[in-house]
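Colleague: Could you take one part of this model and walk me slowly through its surroundings, keeping to what the coordinates support? I would rather have one careful, connected account than a list.

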There are 2 protein chains.
Amino acid sequence: MKKHNFSAGPCILPSEVLQEAANSVLNFDNLDLSLIEISHRSKNVVAVMDEAVALVKELLGVPEGYSVIFVQGGASLQFVMTPFNLMKAEGGKAAYLNTGTWSSKALKEAKRLGNAIEVASSKDKNFNYIPKGFEIPSDVDYFHTTSNNTIFGTQIKDFPKAEGLNVCDMSSDIFSRQINVADFDMIYAGAQKNMGPAGATVVIVKDEILGKTGRDIPAYLDYQIHIDKESMFNTPPVFSVYVSMLTLRWLKGIGGVAEMEKINQAKADLLYNEIDRNSKFYGTAEKEDRSNMNACFLAHEGVDTALFDEMWKAAGISGINGHRSVGGYRASMYNALPLESVQALVDVMQEFEKK
Amino acid sequence: MKKHNFSAGPCILPSEVLQEAANSVLNFDNLDLSLIEISHRSKNVVAVMDEAVALVKELLGVPEGYSVIFVQGGASLQFVMTPFNLMKAEGGKAAYLNTGTWSSKALKEAKRLGNAIEVASSKDKNFNYIPKGFEIPSDVDYFHTTSNNTIFGTQIKDFPKAEGLNVCDMSSDIFSRQINVADFDMIYAGAQKNMGPAGATVVIVKDEILGKTGRDIPAYLDYQIHIDKESMFNTPPVFSVYVSMLTLRWLKGIGGVAEMEKINQAKADLLYNEIDRNSKFYGTAEKEDRSNMNACFLAHEGVDTALFDEMWKAAGISGINGHRSVGGYRASMYNALPLESVQALVDVMQEFEKK
């Protein structure tokens with residue numbers, strides 16, 4: 001049975017991408033060798049890396065003067081690399097908008113290296129909204145935001161802008177909607193939502209902002225080294241980059257980010273309309289801050305969720321258990337999730353309401 | 001045509017492992033979902049991680065009191081993590097044996113954090129031997145070696161032992177020969193030689209040595225955090241860990257490391273005997289320090305290597321071009337390379353000699 005995969009990440013990837021990835025594990029580019037048993041410096045693997053970088057630039061409209069690299073370690077290593085590369089060694093200062101678990105962790109890492117402050121937080125309401133109307137000190141080296149919060153189902157719609165550098169962790173919604181890269185000095189994202197398998201992280205960074213902190217940066221943590229070595233400072237996570245490249249090809253094929261955004265909006269509208277309409281459920285995030293990627297909802301008190309759980313499982317739905325920090329349900333609707341899967345979930349919700 | 005894959009890394013993996021990996025990219029554990037599109041916290045992926053860790057412990061005979069973790073970033077990030085975790089914040093001191101490119105890079109990273117010294121180096125002869133008879137200061141926090149040097153084709157046969165902690169980068173020969181883990185306080189290895197695809201790094205560390213430096217360690221760089229979170233501090237490189245697990249299952253199936261060591265010795269003997277016998281070629285590494293993983297050899301002056309290159313390519317051999325630092329040829333004979341592939345190379349060398 002074809003599953004409706006609402007997993008929060010690692011998450012659904014296009015089936016044609018999975019098919020091609022499986023083929024390449026057996027025989028890549030008709031070399032009679034597997035993708036995963038050849039040198040990363042072979043022309044075939046270098047071509048994969050080049051195409052992955054080119055597709056990131058094309059699909060996001062990355063302007064001149066920015067570099068795109070792939071590294072390892074996920075967003076968690078970016079929490080470390082960001083202050084190492086952008087926060088001044090002497091009197092360094094950074095500002096973080098705290099919208100959930102991941103931004104809290106990012107802030108914690110920055111505090112190790114300098115004066116990192118929280119400009120605003122939505123912790124008072126279990127991160128169910130995006131703070132607004134706060135001030136960002138004009139003297140910070142950079143201001144850090146998290147565009148989408150998978151656990152709490154919120155998403156920044158209008159990005160606040162600092163006078164210093166603007167850095168954004170877009171791990172869970174990159175390539176899902178149009179963004180103006182020029183509004184940011186650095187963007188990073190783990191691959192395992194809208195791009196590919198866990199193990200690769202893409203970083204988009206304005207070249208002119210690097211090398212200005214006066215810090216002695218460990219080699220692996222230094223963006224400039226990865227840029228200079230074209231993401232081959234050491235052996236890159238070849239499989240993850242390859243599958244990301246295939247997914248970006250697929251995204252280009254369906255019309256790019258603008259088209260994807262429309263589809264994602266349709267999916268989100270379908271599900272949120274049902275959550276709001278259905279007498280058994282309610283959404284947890286403030287409406288204006290709702291994430292188009294992760295819809296969190298709870299059953300009203302007294303509702304028999306055991307029956308609902310049976311029903312969605314029987315319908316081939318997987319991965320909608322909520323995170324322990326929120327409870328209830330979380331339906332993640334990443335790029336590769338078809339509208340039909342959302343419809344399947346809505347159907348079950350309606351059927352359940354009638355029972 | 002079946003290729004004879006002598007690639008230096010990423011390198012040959014067992015064909016049955018590649019087949020099972022490809023299957024799981026399409027449908028993992030009969031879940032009707034791909035391995036790379038489900039949560040790393042699902043019981044199926046947790047089972048993969050648990051089995052990978054258990055196989056590392058079993059195959060290497062890891063004693064009680066050691067932890068095994070998988071992280072990202074390759075050996076290059078271990079070069080950074082090692083001093084962060086083991087070199088004291090105040091008056092930290094470490095000793096490195098410099099046997100090639102990778103140990104030089106490791107040393108460079110340690111120097112950023114404290115007093116890291118080179119106890120001996122074979123740079124005077126382009127790293128074609130393993131230094132011996134040097135002294136290791138008794139007051140160092142740790143002593144670092146590189147067990148096998150892929151580029152220069154040397155391998156440590158008898159590990160020197162320091163009074164302080166003993167740390168070894170075994171990236172290119174782990175699981176190829178029996179080692180006594182108790183002789184080391186920490187061992188690390190990138191997956192992409194004898195284990196699996198690039199993107200995962202295994203670390204075997206004695207628990208009692210951690211938490212003693214007085215350093216504030218960034219979370220991702222802190223071994224204790226990865227141990228406490230059972231390699232799921234953040235999303236692990238699932239595919240790389242999975243394929244490593246499959247390869248370790250395969251290794252166990254053929255009789256484990258002791259059996260593998262015999263096979264590797266037979267392969268190395270076959271090739272080195274031919275290199276020494278053949279009038280057209282000579283080996284570059286000192287005989288007593290020759291690597292059983294990477295055999296480096298050059299053609300004598302005046303030999304028509306263009307013809308040899310044609311011949312081995314025609315025989316289905318790939319990946320034997322030498323590294324630019326040494327030139328000539330490098331035949332890498334990792335675990336998954338069958339004896340028949342070495343025989344195929346020897347046959348070509350003999351045929352070439354006759355022409």
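Modeller: Thr247(A) counts as buried, because its relative accessibility of 3% falls under the 20% cut-off; please keep in mind throughout that this is a predicted model. Thr247(A) belongs to helix α6 of chain A, and, once its neighbours within four places in sequence are set aside, the residues in contact with it are Leu13(A), Pro14(A), Val17(A), Asn194(A) and Met195(A).

From there we can move to the contact between the chains. Chain A contributes 52 residues to this contact and chain B contributes 53, and together the two chains bury about 4,200 Å², of which 60% lies on carbon and sulfur atoms. On the side of chain A, Ile36(A), Glu37(A) and Arg112(A) supply 14% of the area buried against chain B, which is more than any other three residues supply. The polar part of the contact comprises 20 residue pairs in polar contact, counting pairs with both residues at pLDDT 80 or more, while 2 salt bridges are found across the interface. A salt bridge across the interface joins the side chains of Arg112(B) and Asp216(A), at 2.7 Å from N to O. The elements giving two or more residues to the side of chain A that touches chain B are α1 (15–26), α3 (74–86), α4 and α6 (238–253) of chain A, and among these α1(A) gives the most, with 6 residues.

Helix α4 also leads to the strands of chain A. The chain pairs strand β3 (residues 93–98) with strand β4 (residues 115–121) through 6 bridges, the two running parallel, and it passes from β3(A) to β4(A) by way of helix α4 (residues 101–113) in a right-handed β-α-β crossover. Within this pairing, Asn98(A) has Ser121(A) of β4(A) as its bridge partner. Strand β5 (residues 142–146) of chain A is likewise parallel to β3(A), joined to it by 3 bridges, and here Ala95(A) stands opposite Phe143(A). Because 6 of the 6 residues of β3(A) are buried, the strand is largely enclosed by the rest of the structure. Both of its faces are covered, with Lys93(A), Ala95(A) and Leu97(A) buried on one side and Ala94(A), Tyr96(A) and Asn98(A) buried on the other.

The charged pairs complete the picture, since the search over all chains finds 32 salt bridges. Lys132(A) pairs with Asp289(A), their closest N and O atoms lying 2.8 Å apart, and the two come from distant parts of the chain, 157 residues apart, with Lys132(A) in the loop between β4 and β5 and Asp289(A) in the loop between β11 (281–283) and β12 (294–299) of chain A. The partners differ in exposure, for Lys132(A) is partly exposed at 49% relative accessibility, whereas Asp289(A) is buried at 3%. By contrast in sequence distance, Lys262(A) and Glu259(A) sit 3 residues apart in helix α7 (residues 256–277) of chain A, about one turn of the helix, and their side chains meet at 3.7 Å, N to O, in a salt bridge; Lys262(A) is exposed at 56%, and Glu259(A) is partly exposed at 30%. In chain B, Asp173(B) and Arg177(B) form a salt bridge of 2.9 Å, N to O, and both of these residues are buried. Finally, Glu20(A), Glu51(A) and Arg249(A) are linked with one another in a network of salt bridges.

How values were computed:
Residues are numbered from 1 along each chain as its sequence is written. Chains are lettered from A and ligands numbered from 1 in the order in which they are written. This is a predicted model: local features need pLDDT of at least 70, side-chain atom pairs count only at pLDDT 80 or more; totals for chains, interfaces and linings use all residues. Side-chain values use heavy atoms; hydrogens and water are left out. Buried means under 20% relative accessible area, exposed over 50%, partly exposed in between (1.4 Å probe, protein chains only). Helices (H or I, at least four residues) and strands (E, at least two) are DSSP runs, numbered from the N terminus. Two strands pair if DSSP finds at least two bridges between them. A crossover is right-handed if, with the strands pointing away from the viewer, the path from the first strand over the helix to the second runs clockwise. Contact means heavy atoms within 4.5 Å. Buried area is the accessible area (1.4 Å probe) that two parts lose on being put together, summed over both. A salt bridge is a side-chain nitrogen of Lys or Arg within 4 Å of a carboxyl oxygen of Asp or Glu. A polar contact is a pair of N or O atoms within 3.5 Å; within protein, one must be able to donate a hydrogen and the other to accept it, and residues adjacent in sequence count only if both atoms are side-chain atoms.
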